[in-house]
Amino acid sequence: MSRLHMLTKTLILVPLTLMVVACSVSPKQMTDNDIKERVSHDQMKLYVEQELIFKPISFNEAVARALKYNLDYRLKMMESALSAGILDMATYDTLPRLMASAGYSSRSNYSATNSMNIENGIISPAFSTSDDKSHTTGSLQFTWNALDFGMSYYRAHQRADEFLVSEERRKRVAQNILMDVRSAYWRAVGAQRLLRKANDLNTRVHRALLLSREAETLGLMPPREALTYQRLLLDSVALIAARRQELSFAKRELAALLNITPGTDFSVVEQQETSLMPVPYNVSELEEFAISNRPELKEEDYRRRITAFEAKRNFASLLPGISFNTGINYDSNSFNYNESWVDTGVQLSYNLLSPLSIPAIRGAGKARAMNDEARRLSLTMAVITQVRLSIEQYRLSLNKLEIARQSNLVDQRLGAYAQAAANNQSDTELELIRVQTRALNSEFERYAAYAEAQAAFGRVYNSLGLEVVPEGFESLSISELASQVESHTRAVQEDVFAVKTMTALQSRPIELRVQLPQAQQSLSNLHAVQARVIEALMRNGISVSKANQPLQLDQERPLLVVSLETDNASNAKWSLEMIDTMGKQIGYQQYLQQITGTYSIAQMLGESEAAVLANIPSIQQWLEAQSWSLNASHITQAGSNL
């Protein structure tokens, strides 16, 4: 008896001890090695499997890299994948249950009992058993519950809509990335293009400040005039430094959007500024388009369906529960008459108090629906407001850009005059630097205004909920994806935006021909004037494809002829003539300048630049007329083909 008592005590104490030990958990902080391992792992995973950067990044490539490597977008893709996995799990919950089980039992002695006669209370002296000491069991049970099926069915529909919600959120993140990349990229282009000029000018400014202080010390300049000049010069330099810092941050912002490894030296393509879309006038159509396509509103549509399925689930829970089960069983007990058998059953259950919750369920469902509708209407109004505000902001940004361009054009002309005067020794180097500092500052402002206009158009694009790229781009390379981004966005813009012009006018490349008088007709002079004219044209968005090449009969580009004539009265006449592809004159302008002293190459360069800059608006109008004539000829040709 004592041995049995000790065995029983052991069997009780051992499990209890194991349970106490298992449940005794104390807080354990992360060690330094654990943190270092996590940091090393994360740093390795941040930039894994990315195509290396071997050349300057274009805008479309920047968008492609952001879509493939941006961590926020990767997170949304993982959330979509998680929702898809949860949807699969919810779908399997609708299936019936097929349970297989097997068991083995054994004991040290027989499970024997005797019995008592309940009428006379006599206990049978004999013990009997119906179980072997050891036997095995097994079963295969099929169970289907109608109520569980209904609940799982509605839940699966909710999971499907939740997956669609995650997809809309992923699309919205992609649209926001496009807007951010557009803004950061064009600011980075402006910064990269102007930083070299700013650094060179800073060197000259510091030298000019030293010269000014020396002139003041030697009495060559009145102190008040020298200090005023220094103050203006320092103010301009400070303004340029602020602009440069503002634009320079864009490159770091762009690197973060593209998930470029910190410290990687990369550059962007200093491409010609693309023509901006005119302000759309079909605002009402765009509002309707935005309401139909914004991912946030589509998400609300799916949430409304989720709410409707939730109400159905709640009402389905009030129905009676009907379950069907059938199974095959096996028991190796030798005392059984049949070792295997099949059982089948049907069970009906119902909570008699469940009808009491019907009003509460109906009220909760109605409240959810009203809340969803109110949220959707509020979001709809916000979307409409965003569309109108973004279009108005785009209009204002285009006006600001035009003012910045005109201001920069004036400063460029002043710089050209100052350059010519300084080279002709009719002004000082100090004044030239001041004028060029102002010109560079206005050029910074123009690039900032252009980047702002690009960002404003990005907000218009974003407010409409336009897709960035078709689905299924994950397997594409960066170059393939960049090509798809370019073609897709162009097609979307042409299809959605209605503008008051037939097409968005693109600055057509032109051919250039420079003609100088016989006295100045040397190859070096010709190349120098040609380079100065091309630089002035390119700086103002007019690209030159060929210069001083022999004319061809099948000319495909408009021709700009810049010629100089001088006379004995010390006058220089610069003429600009635009000839279209048919050989007809589109426009003609003259620019007169008096020659002071010897007409040097330096003065000629300054005046050639001044002549071109003074007529930039006219050249742009000529190119616009050329674009319209080409459009008209294409339409006429298309009509004749029909």
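How many Å² does the accessible surface of the protein chain come to, and what percentage of it belongs to carbon and sulfur atoms? The surface is about 37,000 Å², and 57% of it belongs to carbon and sulfur atoms. (Accessible areas come from the Shrake-Rupley method with a 1.4 Å probe, and for residues only the protein chains shown count as cover.)

Two notes before you start clicking. What you have open is a predicted model, where local features need pLDDT of at least 70, side-chain atom pairs count only at pLDDT 80 or more, and totals for chains, interfaces and linings use all residues. Residues are numbered from 1 along each chain as its sequence is written, and side-chain values use heavy atoms, with hydrogens and water left out.

**The whole chain**

Show the protein chain as a cartoon, and you have 14 helices and 11 strands to look through. (Both are DSSP runs numbered from the N terminus: helices are H or I with at least four residues, strands are E with at least two.) Of the 642 residues, 38% are buried. (Buried means under 20% relative accessible area, exposed means over 50%, and partly exposed is in between, using a 1.4 Å probe and protein chains only.) Now think about contacts, meaning heavy atoms within 4.5 Å. Among contacts in the chain with a separation of 6 or more, 78% are between residues 24 or more positions apart.

**Stop 1: helix α5**

Select residues 146–217, which is helix α5. Its 72 residues reach 101 Å from first C-alpha to last, close to the 106 Å expected at 1.5 Å a residue. (That expected span is 1.5 Å times one less than the number of residues.) Where does α5 bend by about 35 degrees? Go to leucine 194. (The bend is the angle between axes fitted to the seven residues ending there and the seven starting there.) Just past the helix, click glycine 219, which takes a positive phi of about 80 degrees.

**Stop 2: from α6 back to α5**

Next, pick glutamine 230 in helix α6. Glutamine 230 is buried, at 8% relative accessible area. Skipping neighbours within four places in sequence, glutamine 230 contacts Leu209, Ser212, Arg213 and Glu216.

Stay with these helices and show the side chains of glutamate 253 and arginine 187, which form a salt bridge with the closest N and O atoms 2.8 Å apart. (A salt bridge is a side-chain nitrogen of Lys or Arg within 4 Å of a carboxyl oxygen of Asp or Glu.) Glutamate 253 is in α6 and arginine 187 in α5, so the pair ties together parts 66 residues apart in sequence. Buried or partly exposed: which is glutamate 253? Glutamate 253 is partly exposed at 33%, while arginine 187 is buried at 18%.

**Stop 3: more salt bridges**

By that salt-bridge rule, the count comes to 15. Select arginine 375 and glutamate 300 for another one, 3.0 Å from N to O. Arginine 375 sits in helix α9 (residues 358–423) and glutamate 300 in helix α8 (residues 295–316), so this bridge joins parts 75 residues apart in sequence. Arginine 375 is partly exposed at 32%; glutamate 300 is buried at 8%.

Then jump to arginine 532 and glutamate 609, whose closest N and O atoms are 3.0 Å apart in a salt bridge. This one links helix α12 (residues 523–539) to helix α13 (residues 601–614), with the partners 77 residues apart. Arginine 532 is partly exposed at 22%, and glutamate 609 is buried at 8%. Finish here with Arg155, Arg159 and Glu162, which are joined into one network by salt bridges that share partners.

**Stop 4: around α8**

Click threonine 307 in helix α8. Threonine 307 is buried at 14% and contacts Arg368, Ala369 and Asp372, leaving aside neighbours within four places in sequence. Threonine 307 and alanine 369 are 62 residues apart in sequence, yet their C-alpha atoms are 6.8 Å apart.

Now move to arginine 294, in the loop between α7 (283–293) and α8. Arginine 294 is buried, with just 2% relative accessible area. Beyond four places in sequence, arginine 294 touches several residues, including Arg172, Val383 and Asn462.

**Stop 5: a nonpolar patch**

Last, switch to a surface view and colour Leu98, Leu140, Phe142, Ile328 and Val342, which make a nonpolar patch of about 470 Å². (Patches are made of residues with over 30% relative accessible area and no salt bridge; like charges are joined within 9 Å, and nonpolar side chains, namely Val, Leu, Ile, Met, Phe, Trp and Tyr, within 5 Å.) Phenylalanine 142 lies in strand β4 (residues 134–145) and is partly exposed at 36%.

Definitions and conventions:
The expected span of a helix is 1.5 Å times one less than its number of residues.
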